[in-house]
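This briefing covers nonpolar cores and salt bridges. The structure comes first, then the notes.

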Amino acid sequence: MHLRTHEYRHAESILNGNHRLKKEIERVLLRLELELPPGYGPRNPRDASRPHRQIQQAFVRQGWKPEVLVSPRTTKRHYFDLYKDRVAIEIELSNRELLYRDYIRFLLAESDDRLDVGVIILLDKEARYAHPVGMRNGVPRLEDVVGDLASLRGVVGVPIWVVALS
């Protein structure tokens with residue numbers, strides 16, 4: 001696996017302050033081998049959540065907590081995909097619009113003083129897994145997040161590290 005990254009509001013620098021955790025994130029992602037079911041692709045999106053689960057399970061094996069409540073103020077509606085040591089990870093493989101939900105989750109947790117850095121994991125545009133649910137135009141890309149964060153700079157003050165897998 002190869003990683004292409006973007007840091008927003010010094011997220012990578014902040015993660016470097018907890019070098020062990022940053023290296024753990026990189027190590028988990030670099031060692032990933034996503035396995036897709038036979039016949040899986042744009043015309044047959046069977047088991048679209050499988051790559052998401054594979055990524056999540058790889059982090060859980062390293063002590064990350066899955067499905068952690070973002071804030072007690074959300075009445076148990078919003079959960080991070082993964083959380084450890086004030087770092088939250090959101091895995092977005094299928095729908096670009098879900099990125100906005102992630103930004104809001106990061107803002108909520110930061111306002112509750114529960115978050116130092118948010119991490120968003122995506123599939124890179126050249127990835128052989130690039131279209132996991134057959135939504136060629138709706139799949140989030142690194143460039144989408146970079147554009148969003150530039151547009152939302154006055155609103156989203158949370159440090160975010162974006163990692164695209166290929």
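Is glutamate 92 buried or exposed? At 2% relative accessibility, glutamate 92 is buried, where buried means under 20% relative accessible area, exposed over 50% and partly exposed in between (1.4 Å probe, protein chains only). The model is predicted: local features need pLDDT of at least 70, side-chain atom pairs count only at pLDDT 80 or more, and totals for chains, interfaces and linings use all residues. Residues are numbered from 1 along each chain as its sequence is written, and side-chain values use heavy atoms, with hydrogens and water left out.

**Nonpolar cores**

- The largest nonpolar core (buried Ala, Val, Leu, Ile, Met, Phe, Trp, Tyr and Cys residues joined through side-chain atoms within 4.5 Å) has 25 residues.
- A second, separate core of 22 residues includes Tyr8, Tyr83, Tyr103 and Ala164.
- Isoleucine 121 is among the residues with the most contacts inside the largest core.
- Beyond four places in sequence, the contacts of isoleucine 121 (heavy atoms within 4.5 Å) include Leu29, Phe59, Glu92 and Leu165.

**Salt bridges**

- The whole structure has 16 salt bridges, each a side-chain nitrogen of Lys or Arg within 4 Å of a carboxyl oxygen of Asp or Glu.
- Glutamate 92 pairs with arginine 101, with their closest N and O atoms 2.8 Å apart; arginine 101 is partly exposed at 29% relative accessibility.
- Glu12, Lys22, Lys23 and Glu26 form one network through salt bridges that share partners.
- Within that network, lysine 22 and glutamate 12 meet at 3.1 Å, N to O, and lysine 22 is buried, with a relative accessible area of 6%.
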